[in-house]
Amino acid sequence: MPVMQGLNVSCPICGGEAQADFMVIAQAPVHCNLLWTSKAAAQAAPRGEIRLCFCPDCGHIFNRAFE
């Protein structure tokens with residue numbers, strides 16, 4: 001799968017050419033459903049970016065920023 005500046009540029013399902021992102025969420029928490037021991041620990045939790053992209057060839061929606 002080709003990579004451009006750390007982002008997937010082709011669909012992981014069919015290999016089709018990805019289009020523009022339709023939703024971007026910066027600094028989203030990496031872990032779901034974790035209870036942190038303190039407010040400070042929760043605020044320091046690892047974060048990442050979500051870049052949802054639509055493949056016009058097969059209809060798959062995927063996060064191009066996923067590592």
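Author: Let us start with a yardstick: a residue is buried when its relative accessible area is under 20%, exposed when over 50%, and partly exposed in between (1.4 Å probe, protein chains only). This is a predicted model, where local features need pLDDT of at least 70 and side-chain atom pairs count only at pLDDT 80 or more, while totals for chains, interfaces and linings use all residues. Residues are numbered from 1 along each chain as its sequence is written, and side-chain values use heavy atoms, with hydrogens and water left out.

Reader: Thanks! Why does R64 count as buried?

Author: The relative accessibility of R64 is 12%, and the cut-off is under 20%, so R64 counts as buried. In the protein chain of 67 residues, 21% count as buried.

Reader: What makes D21 and R64 a salt bridge?

Author: The term asks for a side-chain nitrogen of Lys or Arg within 4 Å of a carboxyl oxygen of Asp or Glu. For D21 and R64 the closest N and O atoms are 2.7 Å apart, so the pair meets the definition. D21 sits in strand β3 and R64 in the segment after β5 (61-63), so this bridge ties together parts 43 residues apart in sequence.

Reader: Why is D21 called partly exposed?

Author: D21 has a relative accessibility of 23%, which falls between the two limits, so the middle label applies.

Reader: How many salt bridges does a search of the whole structure find?

Author: The search finds three. Another of them joins R51 to D21, with the closest N and O atoms 2.6 Å apart. R51 belongs to strand β4 (residues 47-54) and D21 to strand β3, so the pair links parts 30 residues apart in sequence. The side chains of E49 and R51 also meet in a salt bridge, at 3.0 Å from N to O. E49 is partly exposed, at 33% relative accessibility. Through shared partners, the bridges join D21, E49, R51 and R64 into one network.

Reader: What is the secondary structure of the protein chain?

Author: One helix and five strands. Both terms are DSSP runs numbered from the N terminus: helices are H or I with at least four residues, strands are E with at least two. From the N terminus, the order is β-β-β-α-β-β.

Reader: Which residues form the nonpolar patch on the surface?

Author: They are F22, M23, I25, F54 and I61, with about 440 Å² of accessible area together. Patch members have over 30% relative accessible area and no salt bridge; nonpolar side chains (Val, Leu, Ile, Met, Phe, Trp, Tyr) are joined within 5 Å, like charges within 9 Å. M23 has a relative accessible area of 36%, so M23 passes the area test. Strand β3 (residues 21-29) gives the most to the patch, with three residues, and M23 lies in that strand.

Reader: How do you know that C53 is in no disulfide?

Author: A disulfide needs a pair of cysteine sulfur atoms within 2.5 Å. The nearest cysteine sulfur to C53, that of C55, is 7.8 Å away, so C53 does not qualify. By this rule the count is zero disulfides. C53 is buried at 0% relative accessibility, whereas C32 is exposed at 61%.

Definitions and conventions. Areas by Shrake-Rupley, 256 points an atom, 1.4 Å probe, with all protein chains shown as cover.
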